[in-house]
Amino acid sequence: MNFIIDTTVKAVKQLYQTDIEPSAVGLQETRKEFEGQITIVTFPFTRFSKKSPEQTGAEIGEYLKNELQEVAAFNVIKGFLNISLADSYWLNQLYTDILTDDFAVFKPNGKKVMVEYSSPNTNKPLHLGHVRNNLLGYSVAEILSAAGYEVIKANLVNDRGIHICKSMLAWQKFGNGETPQSTGLKGDHLVGQYYVLFDKEYKKQIDELKVAGQTEDEAKKNAPAIKEAQEMLRKWETGDTEVISLWKTMNSWVYEGFDVTYKKLGVDFDKFYYESNTYLLGKDIIDEGLQKGVFFKKEDNSVWIDLTADGLDEKLVLRGDGTSVYITQDLGTAQLKYDEFKMDQSIYVVGNEQDYHFKVLFLILDKLGKTWAKGLYHLSYGMVDLPSGKMKSREGTVVDADDLINEMEQTAKQQTEALGKVDGFSENEKQELYHTIGMGALKYFLLKVDPKKRLLFDPNESVDFQGHTGPFIQYTHARIKSVLARAEYINNTTVSVSLLADVERDLIVTLTQFPAVIAQAADGHNPGLVANYVYEVAKVFNKFYHEKSILQAEDEQLKQFRLQLSAATAKVISKGMGLLGINVPERM
């Protein structure tokens with residue numbers, strides 16, 4: 001729309017003898033209740049015109065209409081100049097832009113960004129919270145890549161610590177040598193069961209010690225189970241061969257299980273970091289901070305940073321005995337990642353309970369003079385609730401990702417069969433379709449909402465073929481593909497249509513917005529913008545489909561034009577949903 005901006009600058013110069021910058025021209029989409037597609041805000045120009053906003057708008061509108069053949073008409077409502085662009089302009093957009101192979105394809109911008117997401121613990125399966133994290137991270141990475149960035153998808157696996165020792169200890173005591181192969185269980189589920197078992201044993205011991213007269217805190221510290229787990233962690237840290245061997249074995253079971261879940265979720269990674277390799281990092285950064293006077297030592301030799309001047313508090317960065325705290329290794333890992341990839345931006349996809357932690361981490365790196373700290377960003381997201389309440393982990397009542405995926409496939413199967421949408425499908429095609437619809441429903445429901453918002457996930461609502469859902473958009477795509485197949489459509493001609501119906505124009509206008517939506521979603525790290533845009537495209541197409549006959553159009557030229565418009569819509573839906581990690585079926 002630069003031609004409108006440039007001509008408005010000329011209008012202000014000619015009408016009011018004033019030079020303005022192009023950035024002073026505010027363009028926005030015309031509100032649905034008014035005529036037009038583009039709106040210019042005229043209030044800022046009244047300083048130069050010395051006239052009312054309405055009169056100023058009318059004068060600028062008249063100038064634009066005389067100077068630009070693309071401007072068909074205009075109207076002024078208060079201080080808003082609404083411009084209707086000519087059908088020839090929109091048709092030109094369709095043929096020279098939307099239908100071309102490089103529509104909404106961004107050139108590489110020379111910037112590199114890392115998106116770190118998933119970050120699972122190796123003592124239990126992935127759960128509903130991880131699902132939102134994985135889908136959000138993957139989608140943000142895809143959107144950034146589409147917007148021209150070079151993207152590295154990273155996964156920092158929490159593969160060490162007391163929680164893993166708890167699973168290992170319980171397996172040693174009660175496992176009788178069982179394996180994923182011997183039990184038929186996925187490895188992450190098997191290891192997760194032992195984590196739950198440890199917790200039951202630990203609680204039983206706490207209760208026994210309390211009966212024997214110890215306080216709750218004493219019992220928690222003195223229970224034999226926790227002491228044994230702490231001893232196992234000490235052995236792990238000193239490289240005890242037996243403990244390391246068991247750790248490697250049980251972690252390998254978990255990774256095999258994770259791989260299956262990741263594949264079902266349709267997410268992947270370019271780079272894995274493991275906490276067992278990074279937990280000792282950061283101590284050199286502590287020394288650097290002490291030398292620079294950014295950190296200070298207390299009498300017990302512990303190292304701190306004072307952030308009270310920044311509205312935060314004093315923060316421990318190294319214990320008195322020289323052992324790390326979480327922030328120590330996060331400082332070291334941030335440096336490691338930058339040294340390896342030299343990226344312009346590093347995005348951490350982590351739940352909002354860590355907001356304070358990341359605020360502190362980024363601030364410390366900035367105070368240490370790390371120039372790359374300006375490119376660090378915490379993509380914080382809210383908890384996912386199910387209608388039955390909040391997720392729990394240790395009690396074994398966690399909403400498991402694999403169970404959720406299976407439930408989504410079953411829900412998709414019931415809804416799809418009830419609507420008779422799988423007639424003529426083979427059994428394999430049906431199963432594939434149920435997975436595509438189930439995952440489309442889950443992903444769309446979790447991604448259409450602003451990441452920061454907490455959300456209540458309702459599986460049934462998410463699969464509604466008539467709602468603001470993934471399956472509604474998937475069905476729209478399949479409907480278009482069915483029409484194109486019946487017409488044996490091949491796009492190889494520009495047809496001569498001169499007048500557009502309102503709904504045809506609306507659809508072209510909506511499609512032209514796709515590149516801007518990708519750019520906005522990339523800037524805001526918000527897949528919800530893409531999700532809601534693609535829903536809007538599907539809605540406008542369905543209105544067009546119901547109001548205008550495609551295959552029975554009045555003449556061949558019009559039929560060909562409507563087929564081209566339909567094909568362009570399918571292309572945008574397919575690419576837009578792809579940015580959310582959602583597949584769209586060719587038929588259903």
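Helices α14 and α15 pack at an angle of about 55°, with their axes 11 Å apart, and they are therefore oblique to each other, a word used for angles that are not under 35 degrees (roughly parallel), over 145 (roughly antiparallel) or 65 to 115 (roughly perpendicular). The axes are lines fitted to C-alpha atoms, for helices over the stretch in contact, and angles run from 0 to 180 degrees between N-to-C directions. Helices (H or I, at least four residues) and strands (E, at least two) are DSSP runs, numbered from the N terminus. This is a predicted model, in which local features need pLDDT of at least 70 and side-chain atom pairs count only at pLDDT 80 or more, while totals for chains, interfaces and linings use all residues. Residues are numbered from 1 along each chain as its sequence is written, and side-chain values use heavy atoms, with hydrogens and water left out.

The contact between the two helices, where contact means heavy atoms within 4.5 Å, is made by Y326, I327, D330, L331 and A334 of α14 together with H357, V360, L361, I364 and L365 of α15.

Both helices also pack on a sheet. Five strands form this open sheet in the order β7-β6-β5-β11-β12, and the pairing is parallel; two strands pair if DSSP finds at least two bridges between them. Because β7 (271-274) and β12 (376-381) stand at the edges, each with a single partner strand, one side of each is left without a neighbour in the sheet. Neighbouring strands of this sheet are turned by 25° against each other on average, direction ignored. Strand β6 (residues 150-157) is joined to β7 by four bridges, the two running parallel, and N155 stands opposite F272 in β7.

The table sets out how each helix lies on the sheet.

| Helix | Strands touched | Angle between directions |
|---|---|---|
| α14 (residues 326-341) | β5 (112-116), β6, β7 and β11 (345-351) | about 150° with β7 |
| α15 (residues 355-367) | β11 and β12 | about 175° with β12 |

As for the whole protein, there are 23 helices and 14 strands, and the C-alpha trace spans about 90 × 65 × 40 Å along its principal axes. Of the 588 residues, 53% count as buried, meaning under 20% relative accessible area, with exposed being over 50% and partly exposed in between (1.4 Å probe, protein chains only). Among the contacts with a separation of 6 or more, 73% are accounted for by residues 24 or more positions apart.
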